[in-house]
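Biologist: Before we discuss packing and internal space, please show me the model.

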Amino acid sequence: MAQELTGWRHIYSGKVRDLYEPVTGEDDRVLVVASDRISAYDFVLSSEIPDKGRVLTQLSLWWFEQLAGIPNHVLSTDVPAEVDGRAMICQRLDMYPVECIARGYLTGSGLLEYNESRTVCELPLPEGLVDGSRLDEPLFTPSAKAEVGEHDENITYDAVVMMLGDDLAAKLRSLTLDIYSRAESIALDRGIILADTKVEFGMSRSGEVTLGDEVLTPDSSRFWDAALYSPGKSQPSFDKQFVRDWLTSDDAGWDRVSEPPALPAEVIAKTRARYIEAYERLTGRTFV
């Protein structure tokens, strides 16, 4: 449940973030608070990961700095003390109904489609690729946003054109691939492979296409340890790996339909450690 914050009115809660608007009625600012909630397989779990909200916020802020030249929604980090370190004051955007995904490696849902049709989002790929294969060129593979609890649906680029028009679709694709390419290079310099990432854009009040939400965090991206990279199998990752692995194990006894069980303390601790390791290796900073 979202907490009460002086001067701000709660307006929406997503899987991980809570949004607030000023009680003064201003409509151009929104307070984005990252909680410690964690989701998996489109369920928000009853267990939380301590410090996860702070890691996501601080890592996003660092990436926004690295992506100079790409407009983003952050206005200030002068937030209420109760949410210091895990919140940002942002400009309100009219968000586009598209998840903008860039894939540089074949894995996840892309691998499933490839194994059936040698395509990803209907884009043809060569024979002989395996789980973890690096693609010749990064792919823009969008999906349509779903309501909380529902699955996002992979769509084609042509579908994005139908939804948003030629010019805007092309701009979103170009920005997404630019962000991926820049971030992949930065991460690789730090011994981390950026396999894929999801970003979101909206239109600002001035009519500018603007990067919103979070960016390049373990919640929105697949980060792999470059030293352990080995195509042909699932790669160890800096994200919800421990959570997903446990939920699908015999120990959990979960049917993937009912509400997921609470996470064991060991899984919570290992997941927290991986999020913090990703932050520290990428930024070169110590998480405190």
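Modeller: In this predicted model, the largest cavity has a volume of about 30 Å³.

Biologist: What makes this space a cavity and not a pocket?

Modeller: A cavity is a set of points where a 1.4 Å probe fits but cannot get out, whereas a pocket is an open set. A search of the whole structure finds one cavity of 30 Å³ or more.

Biologist: Why are Arg17 and Asp213 called lining residues of the largest cavity?

Modeller: Lining residues have an atom within 4 Å of a point, and therefore Arg17 and Asp213 are counted in the lining. The others are Val32, Ala34, Leu56, Thr57, Ser60, Arg86, Met88 and Glu214. Helix 1 (52-66) and strand 3 (29-34) each supply at least two residues of this lining, and the largest share, three residues, comes from helix 1.

Biologist: How many residues of the lining are nonpolar, polar and charged?

Modeller: There are four nonpolar, two polar and four charged residues. Arg17 belongs to the charged group because Asp, Glu, Lys and Arg count as charged.

Biologist: What makes the set of 65 residues a nonpolar core?

Modeller: Its members are buried residues of nonpolar types joined through side-chain atoms within 4.5 Å, and therefore the set is called a nonpolar core. Those with the most contacts inside it are Trp63, Phe201, Leu211, Leu216 and Leu263. Helix 4 (residues 166-189) gives the largest share of this core, nine residues. A second, separate core of nine residues includes Tyr20, Val33, Val83 and Ala87.

Biologist: Which residues does Leu263 touch, not counting those up to four places away in sequence?

Modeller: Leu263 touches Leu45, Ser47, Ile49, Val243, Trp246, Leu247 and Ile268.

Note on methods. Residues are numbered from 1 along each chain as its sequence is written. This is a predicted model: local features need pLDDT of at least 70, side-chain atom pairs count only at pLDDT 80 or more; totals for chains, interfaces and linings use all residues. Side-chain values use heavy atoms; hydrogens and water are left out. Buried means under 20% relative accessible area, exposed over 50%, partly exposed in between (1.4 Å probe, protein chains only). Helices (H or I, at least four residues) and strands (E, at least two) are DSSP runs, numbered from the N terminus. Contact means heavy atoms within 4.5 Å. On a 1 Å grid over the protein atoms alone, a cavity is a set of points where a 1.4 Å probe fits but cannot get out, and a pocket is an open set with protein on both sides within 12 Å along at least five of seven lines; lining residues have an atom within 4 Å of a point. Grid points are joined across faces, edges and corners, and a volume is the space filled by probe spheres set on the points.
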